[in-house]
Amino acid sequence: MVSVSACARKADAMSSAPVAVKGANGLPSELRYGFPASARLKRRVDFQKVYQHGFRVAGQHVVFFVTRGQGRFGVTASRKVGSAVRRSRSKRRLRELYRLHRADLPAGQWDVVANARWSCATAPWHELERDFARLCAARWVLRGTPERRG
(Lines give C-alpha, C1' and ligand atoms only; values in the text may rest on other atoms or scores of the structure.)
Protein backbone atom coordinates (compact mmCIF):
# COMPACT_ATOMS: atom_id res chain seq x y z
CA MET A 1 0.00 0.00 0.00
CA VAL A 2 1.31 3.45 -0.94
CA SER A 3 1.26 6.15 1.71
CA VAL A 4 -0.45 9.50 1.17
CA SER A 5 2.84 11.39 1.47
CA ALA A 6 4.44 9.20 -1.22
CA CYS A 7 1.54 10.01 -3.54
CA ALA A 8 1.89 13.71 -2.74
CA ARG A 9 5.63 13.64 -3.49
CA LYS A 10 4.99 11.86 -6.78
CA ALA A 11 2.33 14.41 -7.73
CA ASP A 12 4.70 17.23 -6.72
CA ALA A 13 7.48 15.87 -8.91
CA MET A 14 5.15 15.38 -11.84
CA SER A 15 3.62 18.85 -11.63
CA SER A 16 6.88 20.78 -11.99
CA ALA A 17 7.21 20.13 -15.73
CA PRO A 18 4.89 21.34 -18.48
CA VAL A 19 2.21 18.79 -19.25
CA ALA A 20 -0.01 18.73 -22.31
CA VAL A 21 -3.68 18.39 -21.41
CA LYS A 22 -6.89 18.53 -23.32
CA GLY A 23 -8.27 22.03 -23.53
CA ALA A 24 -11.89 23.12 -23.45
CA ASN A 25 -12.25 22.16 -27.10
CA GLY A 26 -10.95 18.63 -26.46
CA LEU A 27 -7.65 19.11 -28.26
CA PRO A 28 -4.35 18.45 -26.42
CA SER A 29 -3.07 21.95 -27.10
CA GLU A 30 -2.80 23.60 -23.70
CA LEU A 31 0.33 23.38 -21.59
CA ARG A 32 0.04 23.42 -17.83
CA TYR A 33 2.98 24.46 -15.71
CA GLY A 34 3.06 23.36 -12.10
CA PHE A 35 3.98 25.24 -8.97
CA PRO A 36 4.70 22.45 -6.47
CA ALA A 37 4.66 22.95 -2.72
CA SER A 38 8.42 22.36 -2.59
CA ALA A 39 8.91 25.55 -4.65
CA ARG A 40 6.89 27.77 -2.27
CA LEU A 41 7.88 29.86 0.70
CA LYS A 42 5.21 29.11 3.29
CA ARG A 43 6.42 29.76 6.81
CA ARG A 44 6.81 33.19 8.39
CA VAL A 45 10.38 32.30 9.42
CA ASP A 46 11.32 31.73 5.78
CA PHE A 47 9.86 35.09 4.72
CA GLN A 48 11.70 36.84 7.58
CA LYS A 49 15.03 35.30 6.51
CA VAL A 50 14.57 36.68 3.01
CA TYR A 51 13.68 40.14 4.33
CA GLN A 52 16.55 40.27 6.84
CA HIS A 53 19.39 38.69 4.85
CA GLY A 54 18.38 39.50 1.30
CA PHE A 55 18.30 42.54 -0.91
CA ARG A 56 15.55 44.45 -2.69
CA VAL A 57 14.87 44.83 -6.41
CA ALA A 58 12.01 47.22 -7.20
CA GLY A 59 9.76 47.38 -10.22
CA GLN A 60 6.73 49.47 -11.10
CA HIS A 61 4.11 46.94 -9.91
CA VAL A 62 6.09 44.51 -7.77
CA VAL A 63 9.10 44.48 -5.44
CA PHE A 64 11.35 41.42 -5.15
CA PHE A 65 13.24 40.56 -2.00
CA VAL A 66 15.96 38.06 -2.88
CA THR A 67 18.45 35.94 -0.96
CA ARG A 68 20.49 32.80 -1.61
CA GLY A 69 18.35 29.79 -0.90
CA GLN A 70 16.62 26.71 -2.24
CA GLY A 71 14.84 28.20 -5.24
CA ARG A 72 11.53 28.95 -3.54
CA PHE A 73 9.01 31.73 -4.21
CA GLY A 74 6.60 33.54 -1.91
CA VAL A 75 4.05 36.30 -2.43
CA THR A 76 2.84 38.97 -0.03
CA ALA A 77 0.47 41.91 -0.27
CA SER A 78 0.15 44.35 2.61
CA ARG A 79 -2.99 46.24 3.54
CA LYS A 80 -1.59 49.22 1.64
CA VAL A 81 -2.49 47.32 -1.54
CA GLY A 82 -6.19 47.62 -0.69
CA SER A 83 -9.10 45.45 0.31
CA ALA A 84 -8.86 41.68 0.78
CA VAL A 85 -10.25 41.17 -2.73
CA ARG A 86 -7.59 43.42 -4.25
CA ARG A 87 -4.78 41.77 -2.23
CA SER A 88 -5.93 38.29 -3.25
CA ARG A 89 -6.12 39.28 -6.90
CA SER A 90 -2.61 40.72 -6.75
CA LYS A 91 -1.21 37.56 -5.17
CA ARG A 92 -2.97 35.31 -7.69
CA ARG A 93 -1.55 37.32 -10.58
CA LEU A 94 2.00 37.19 -9.16
CA ARG A 95 1.80 33.44 -8.54
CA GLU A 96 0.63 32.93 -12.11
CA LEU A 97 3.50 35.04 -13.46
CA TYR A 98 5.98 33.02 -11.44
CA ARG A 99 4.43 29.79 -12.64
CA LEU A 100 4.81 30.90 -16.26
CA HIS A 101 8.32 32.41 -15.88
CA ARG A 102 9.80 29.91 -13.44
CA ALA A 103 12.23 28.64 -16.07
CA ASP A 104 13.73 32.16 -16.39
CA LEU A 105 15.11 32.03 -12.84
CA PRO A 106 18.23 30.01 -11.96
CA ALA A 107 17.05 26.75 -10.43
CA GLY A 108 17.79 26.26 -6.76
CA GLN A 109 19.83 29.41 -6.22
CA TRP A 110 17.50 32.09 -4.93
CA ASP A 111 14.60 32.45 -2.53
CA VAL A 112 12.36 35.26 -3.78
CA VAL A 113 9.53 37.10 -2.03
CA ALA A 114 7.37 39.21 -4.33
CA ASN A 115 5.58 42.11 -2.65
CA ALA A 116 2.65 43.43 -4.61
CA ARG A 117 2.31 47.17 -5.03
CA TRP A 118 -1.02 48.99 -5.19
CA SER A 119 -1.04 49.00 -9.01
CA CYS A 120 -0.48 45.23 -9.26
CA ALA A 121 -4.18 44.34 -9.11
CA THR A 122 -5.30 46.67 -11.89
CA ALA A 123 -2.28 46.86 -14.19
CA PRO A 124 -2.80 45.44 -17.69
CA TRP A 125 -1.49 41.86 -17.86
CA HIS A 126 1.16 42.58 -20.51
CA GLU A 127 2.51 45.49 -18.46
CA LEU A 128 2.66 43.41 -15.28
CA GLU A 129 4.31 40.55 -17.16
CA ARG A 130 6.91 42.92 -18.66
CA ASP A 131 7.70 44.31 -15.20
CA PHE A 132 8.00 40.79 -13.73
CA ALA A 133 10.24 39.60 -16.58
CA ARG A 134 12.46 42.68 -16.20
CA LEU A 135 12.95 41.90 -12.52
CA CYS A 136 13.71 38.25 -13.35
CA ALA A 137 16.34 39.41 -15.84
CA ALA A 138 17.95 41.87 -13.40
CA ARG A 139 21.67 41.74 -12.73
CA TRP A 140 21.29 39.51 -9.65
CA VAL A 141 20.04 36.72 -11.90
CA LEU A 142 22.52 37.21 -14.73
CA ARG A 143 25.61 37.66 -12.58
CA GLY A 144 24.59 35.28 -9.83
CA THR A 145 25.50 37.82 -7.15
CA PRO A 146 23.47 40.65 -5.67
CA GLU A 147 24.45 44.28 -5.64
CA ARG A 148 24.44 45.33 -2.01
CA ARG A 149 23.02 48.66 -0.98
CA GLY A 150 25.43 51.05 0.71
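Me: Helices here are DSSP runs of H or I with at least four residues, and strands are runs of E with at least two, numbered from the N terminus. Read along the sequence, what pattern does the chain follow?
Reply: This is a predicted model, and its secondary structure comes to 5 helices and 6 strands. Writing α for a helix and β for a strand, and reading along the sequence, the chain follows the pattern α-β-β-α-β-β-β-α-β-α-α.

Me: Of the 150 residues of the chain, what share count as buried?
Reply: A residue is called buried when its relative accessible area is under 20%. The chain as a whole exposes about 9400 Å², of which carbon and sulfur atoms supply 54%. Counted by residue, the buried share of the 150 residues is 36%.

Me: Among contacts between residues at least 6 apart in sequence, what percentage join residues at least 24 apart?
Reply: Contact means that heavy atoms lie within 4.5 Å, and a pair may be distant in sequence while being close in space. One example of such a distance in sequence is R68 and W110, which are 42 residues apart along the chain but have their C-alpha atoms 4.5 Å apart. For the chain, among contacts between residues at least 6 apart, the part that joins residues at least 24 apart is 75%.

Me: Is T67 buried or exposed?
Reply: T67 has its place in strand 4, which covers residues 62-68. Not counting residues up to four places away in sequence, T67 touches V50, H53, G54, Q109, W110 and D111. Because its relative accessible area is 13%, T67 is classed as buried.

Me: How does R68 count in terms of its relative accessible area?
Reply: R68 is found in strand 4, the strand in which T67 also has its place. The class between buried and exposed runs from 20% to 50%, and the relative accessible area of R68 is 48%, so R68 counts as partly exposed.

Me: With which residue does D111 form a salt bridge?
Reply: D111 lies in strand 6 (residues 110-116), and its partner lies 39 residues away, in the loop between strand 4 and strand 5. D111 is buried at a relative accessible area of 5%, and the partner is buried too, at 15%. In this salt bridge, the closest N and O atoms are 3.1 Å apart, and the partner is R72.

Me: How far apart, N to O, are the side chains of R99 and E96 in their salt bridge?
Reply: The structure holds 5 salt bridges, and one of them joins R99 and E96. Because R99 and E96 are 3 residues apart in helix 3, about one helical turn separates them. E96 counts as partly exposed, at 27% relative accessibility. The N to O distance of this salt bridge is 2.7 Å.

Me: In which helix do D131 and R134 both lie?
Reply: The side chains of D131 and R134 meet in a salt bridge of 3.6 Å, N to O. D131 is buried at 6% relative accessibility, whereas R134 is partly exposed at 47%. The two residues are 3 residues apart, about one turn of the helix, and that helix is helix 4.

Me: What is the nearest side chain of opposite charge to R93?
Reply: R93 has its place in helix 3, which covers residues 84-101. Leaving aside neighbours within four places in sequence, R93 is in contact with C120, A121, T122, A123, P124, W125 and L128. A salt bridge needs a nitrogen and a carboxyl oxygen within 4 Å, and R93, although buried, has none. The nearest side chain of opposite charge is 9.1 Å away, and it belongs to E127.

Me: Which residues make the nonpolar surface patch of about 250 Å²?
Reply: A patch residue must have over 30% relative accessible area, and Y33, at 31%, is partly exposed. Y33 is found in the loop between strand 2 (30-32) and helix 2 (44-53). The patch of about 250 Å² is made by Y33, L100 and W125.

Me: Which residues form the positive surface patch?
Reply: One of its members is K42, which has its place in the loop between strand 2 and helix 2. K42 is exposed because its relative accessible area is 57%, and exposed means over 50%. The full patch is formed by R40, K42, R89, R92 and R95.

Note on methods: Residues numbered from 1 in each chain as written. Predicted model: local features only at pLDDT ≥ 70, side-chain atom pairs only at ≥ 80, totals over all residues. Heavy atoms only, no water. Patch = residues over 30% accessible without salt bridge, like charges linked within 9 Å, V, L, I, M, F, W, Y side chains within 5 Å. Areas by Shrake-Rupley, 256 points an atom, 1.4 Å probe, with all protein chains shown as cover. Buried < 20%, exposed > 50% of the residue type's maximum accessible area, 1.4 Å probe, protein only. Lys, Arg positive; Asp, Glu negative; His and termini not counted. Charge placed at Lys NZ, Arg CZ, Asp CG, Glu CD.
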